[in-house]
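Welcome! Let us walk through this protein together, starting where its parts meet and then following the strands.

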Amino acid sequence: MDTAHHMILYGCKTPYATQGYWDCGRELGTCRDQAKIMYAWARNAPPTKLPKDVGFKVAGDTRINYFVLQIHYGDVTGFRDHHKDCSGLSLRMTSKPQPFIAGIYLMMSVDTLIPPGKTVTNADIACTYTSSPMYPFAFRTHTHSLGKVVSGYRVRNGQWTQIGRQSPLLPQAFYPATNTIDVKNGDILAARCVFTGEGRTTTTQIGGTSSDEMCNFYIMYYMDNTRAVPYMNCRDDGSAELFKNIPSEASVPIPV
Ligand code: IYT
Ligand code: CU
Ligand code: CU
């Protein structure tokens, strides 16, 4: 952790390169097609373990033909003497079909604007879930430096049940879900990121650089092998009506 700040494992059909390593920050990215996040590690974070009988499905017809590991280095002074890097992940692979398939449900805001100096701006995201039952077991939050707290919920019959809540200033790894719940057809998945515009002199928008912001809530789940959907996402703003009932904890910053 003194060398690598965080690592993200992506699955893709066509990566930018198929050998060695490359700089993904400049003209080259990670995947030529849509990248799928599969795992994230960040300093001091406990490892995320897949529950028993759960695996990510790769190769075959999954469109995941390559793993791409993205490492963000925190301190590279150890390499000045041409020392070799040995940061990485170990994956356990099996050709035996698993009873449950792991997947990621990505909730992201695409249109939040954070006015400069304004102390509280909420980014709300919500979608009705329309697939076969899924079982969340871990979550990850992601914002850049203006994020205060990010929370995700299942809303069923008007009742809000927390899936996860975290400060995006803590290591952005996958943490165990707060509650063991199922998500069924007709439930609503809702997430909120709370931002501050303090310290900025211009409006901050969603974008790729560190002066832009992002609002992401990732749910890692498993589904029955026979009807699994391994990647889903939600980019809709929830209605103000729905978010009137969000638990007040969603606005309470987490001390870091
Ligand atoms: C604009 C935005 O919010 N980008 C996020 C979410 C995102 C992830 C993936 C968007 C797309 C993806 O294919 I995977 I399109 C974003 O870039 N998040 C970063 C990583 O790329 C995962 C993060 O650290 O959460
Ligand atoms: Cu980093
Ligand atoms: Cu980001």
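## Where the two domains meet

In this predicted model, 14 residues of domain 1 are in contact with 12 residues of domain 2. On the domain 1 side of this contact, strand β2 gives the most, with 5 residues. Sorted by class, the domain 1 residues that touch domain 2 are 7 nonpolar, 4 polar and 3 charged.

To place these two parts along the chain, note that domain 1 covers residues 4–79 and domain 2 covers residues 103–251. Their centres, taken over C-alpha atoms, are separated by 21 Å.

## The ligand and its surroundings

Which domains supply the shell around ligand 1? Both do: domain 1 and domain 2 each give at least three residues to the shell. The residues around ligand 1 are Ile8, Gln34, Ala35, Lys36, Ile37, Leu106, Met108, His142, Ile206, Met214 and Asn216. Two elements, β2 and β5 (100–108), each give two or more residues to this shell. By class, the shell is made up of 7 nonpolar, 3 polar and 1 charged residues.

So far β2 has turned up twice: it gives the most to the domain 1 side that touches domain 2, and it is one of the elements giving two or more residues to the shell around ligand 1.

## An open sheet of three strands

Now let us see which strands sit beside β2. Three strands form an open sheet in the order β2-β1-β4, with antiparallel pairing. The edge strands are β2 (36–42) and β4 (66–73), and each of them pairs on one side only. From one strand to the next, the twist averages 15°.

Look at the pair formed by β1 and β4. Strand β1 spans residues 4–12 and is joined to β4 by 8 bridges, the two running antiparallel. As one example to find on screen, cysteine 12 has tyrosine 66 in β4 as its bridge partner.

## An open sheet of four strands

Another open sheet has 4 strands in the order β7-β12-β9-β10, and the pairing is again antiparallel. Its edge strands are β7 (121–128) and β10 (159–166), each pairing on one side only. Neighbouring strands here are turned by 20° against each other on average, with direction ignored.

Within this sheet, strand β9 (residues 147–156) runs antiparallel to strand β12 (residues 188–195), and 8 bridges join the two. Valine 155 has isoleucine 188 in β12 as its bridge partner.

As you look along any of these strands, keep one rule of thumb in mind: in a regular strand the side chains alternate between the two faces of the sheet.

## The partners of β5

Strand β5, already met beside the ligand, pairs with several strands. The table sets out these pairings, with one facing pair of residues for each.

| Partner of β5 | Direction | Bridges | Residues that stand opposite each other |
|---|---|---|---|
| β3 (residues 54–55) | parallel | 2 bridges | glycine 55 and isoleucine 101 |
| β14 (residues 216–224) | antiparallel | 9 bridges | methionine 107 and phenylalanine 217 |
| β15 (residues 231–234) | parallel | 4 bridges | isoleucine 104 and tyrosine 231 |

Which way does β5 run against β14, parallel or antiparallel? The two run antiparallel, joined by 9 bridges. With β3, in contrast, β5 pairs in the parallel sense, and the pairing with β15 is parallel too.

Note on methods:
Residues numbered from 1 in each chain as written. Chains lettered and ligands numbered in written order. Predicted model: local features only at pLDDT ≥ 70, side-chain atom pairs only at ≥ 80, totals over all residues. Pairing = 2+ DSSP bridges. Axes fitted to C-alpha atoms, helices over the stretch in contact; angles between N-to-C directions. Near = placed C-beta within 6 Å. Nonpolar A, V, L, I, M, F, W, Y, C, P; charged D, E, K, R; others polar. Domains from an automatic or database assignment. Contact = placed C-beta atoms within 7 Å.
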